[in-house]
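Me: I would like a close look at a single part of this protein. Please take one strand in the middle of things and build the picture outwards from there.

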Amino acid sequence: MPETTPRPTLRLGIAGPVGTGKSSLIATLCRALAPELSIAVVTNDIYTDEDARFLRAAGVLADERIHAVETGACPHTAIRDDITANLDAVEDMESRFAPLDLVLVESGGDNLTATFSPALIDAQIFCLDVAGGGDVARKGGPGIANADLLLVNKTRLGPHVGVDPQSMVADATVARSGGPVLAHDRDDADSVAAVCDWVRATLRAHRTGAHVPQDPGPMAPHSHDHEHGHGHQHDGAGRG
Ligand SMILES: Nc1nc2c(ncn2[C@@H]2O[C@H](COP(=O)(O)OP(=O)(O)OP(=O)(O)O)[C@@H](O)[C@H]2O)c(=O)[nH]1
């Protein structure tokens, strides 16, 4: 069988519950890495292009490098079960701006168990934030346990919400059996540098073939009987 050369572009997913700082993290990464890497962004919102508008307003990339996918339904469906719209958007960005180094795909804010399909992305960051409560990291779930990187975000809010970010990092490290965890706040330059270093290292590993996309695992079975004016169930195996 002929050897395949890895795609030069790293497709990096950013997932995590609503409001944990995914868009802000993408803005921070673009600001820090755009001088050295060619970057595009795909955002996912249920009904709007709010996240894309936020990023365009932040002026971190040329407007045309930011594409909004309106999922129209549960955000996890568009990043895991039917990834067509996202895959089309990512491939379109890769061909329009070739050669791209990095495509950042932001999940819509969802619950703790939403993760990206490895058919869509090469690596994923799962975002928690200290304001969501110090015990969240102990709750586990596929994103917390198995994402390529777990970010404990908004650490500077810790003293204001009575949460010690370092204990959250320690809990998360146990929940991940030692897998990488970084504490981050967009206003803490050292933490921004650490996340950028992780992205650079992951890009290098992707290009050499040393990084292999992992599936964190399906989300737990759940239903949306009371959400968005429609009711349905997901069985957790992509058959929702
Ligand atoms: N202190 C602090 N606040 C932050 C940080 N990152 C984001 N925020 C704030 O947290 C709120 C949510 O940030 P977003 O980046 O919109 O979060 P999100 O996860 O993209 O939100 P959804 O797309 O709605 O799920 C905003 O008020 C941000 O200003 C951070 O590093 N430090």
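Reply: Start with the whole chain. This is a predicted model. Its secondary structure comes to eight helices and nine strands. The protein has 240 residues, and buried residues make up 47% of them. Take the contacts between residues at least 6 apart in sequence: 72% of these join residues at least 24 apart.

Now to the part itself. The strand to look at is β4, residues 102–106. How many of its residues are buried? Five of the five are, so strand β4 is largely enclosed by the rest of the structure. The cut-off behind that word is simple: a residue is buried if 20 or more other C-beta atoms lie within 10 Å of its own.

Look at the two faces next. In a regular strand the side chains alternate between the two faces of the sheet. In β4, one side carries Leu102, Leu104 and Glu106. The other side carries Val103 and Val105. Both faces are covered.

What pairs with β4? Strand β1, residues 10–15, runs parallel to β4 and is joined to it by five bridges. One of the partners can be named: Leu10 is matched with Leu102 in β4. Strand β2, residues 39–45, also pairs with β4 in the parallel sense, again over five bridges. Here Thr43 stands opposite Glu106.

Zoom in on one residue, Val103. Set aside its neighbours within four places in sequence. Val103 is then in contact with Thr9, Arg11, Ala40, Val42, Val90, Met93 and Glu94.

Val103 also belongs to the largest nonpolar core, a group of 58 residues. Val103 and Leu104 are among the residues with the most contacts inside this core, along with Ile26, Val41, Leu150 and Val152. Helix α1 gives the most to the core, with six residues. The general background is short: in soluble globular proteins, nonpolar side chains tend to be buried together.

Now follow the chain back from β4. The loop between α4, residues 84–96, and β4 holds Pro99. The peptide bond from Ala98 to Pro99 is cis, with omega near -5°.

Next, go from Glu106 to Ser23. Ser23 is found in helix α1. Leaving aside its neighbours within four places in sequence, Ser23 is in contact with Asp51, Phe54, Leu55 and Glu106. Ser23 has 22 other C-beta atoms within 10 Å, so it is buried.

Ser23 leads to the ligand. The shell around the ligand has 15 residues, and those that come nearest are Gly21, Lys22, Ser23, Ser24 and Gly109. Helix α1, residues 22–33, supplies the largest share of the shell, three residues. By type, the shell divides into two nonpolar, seven polar and six charged residues.

A record adds to this. An unreviewed UniProt entry carries the annotation "binding site" for Gly16, Pro17, Val18, Gly19, Thr20, Gly21, Lys22 and Ser23. Take Thr20 from that list. Thr20 lies in the loop between β1 and α1. Thr20 counts as buried because it has 24 C-beta neighbours inside 10 Å. Leaving aside its neighbours within four places in sequence, Thr20 is in contact with Cys127, Leu128, Asp129, Gly132 and Asn153.

Just after Asn153 comes Lys154, in the loop between β6, residues 149–153, and α6, residues 158–161. Lys154 has a positive phi of about 60°, although it is not a glycine. Lys154 has 28 C-beta neighbours inside 10 Å, so it counts as buried.

Compare a second residue with positive phi. Ser177 is also not a glycine, and its phi is near 50°. Ser177 sits in the loop between α7, residues 165–175, and β7, residues 181–184. Is Ser177 buried or exposed? Ser177 is exposed, because it has 8 other C-beta atoms within 10 Å.

Arg176 lies in the loop between α7 and β7 too. With 19 C-beta neighbours inside 10 Å, Arg176 counts as partly exposed. Leaving aside its neighbours within four places in sequence, Arg176 is in contact with Ala145, Leu150 and Val181. The C-alpha atoms of Arg176 and Ala145 are separated by 4.5 Å, though the two are 31 residues apart along the chain. Leu150 brings the path back to the core, where it is among the residues with the most contacts.

Methods: Residues are numbered from 1 along each chain as its sequence is written. This is a predicted model: local features need pLDDT of at least 70, side-chain atom pairs count only at pLDDT 80 or more; totals for chains, interfaces and linings use all residues. A residue is near a molecule or strand if its C-beta atom, placed from the backbone, lies within 6 Å of it. Helices (H or I, at least four residues) and strands (E, at least two) are DSSP runs, numbered from the N terminus. Ala, Val, Leu, Ile, Met, Phe, Trp, Tyr, Cys and Pro count as nonpolar, Asp, Glu, Lys and Arg as charged, and the others, Gly among them, as polar. A residue is buried if 20 or more other C-beta atoms lie within 10 Å of its own, exposed if 12 or fewer, and partly exposed in between; C-beta atoms are placed from the backbone. Two strands pair if DSSP finds at least two bridges between them. UniProt positions are given in the numbering used here, feature names are shortened, and annotations may be inferred rather than shown by experiment. Two residues are in contact if their C-beta atoms, placed from the backbone, lie within 7 Å. A nonpolar core is a set of buried Ala, Val, Leu, Ile, Met, Phe, Trp, Tyr and Cys residues joined through C-beta atoms within 7 Å.
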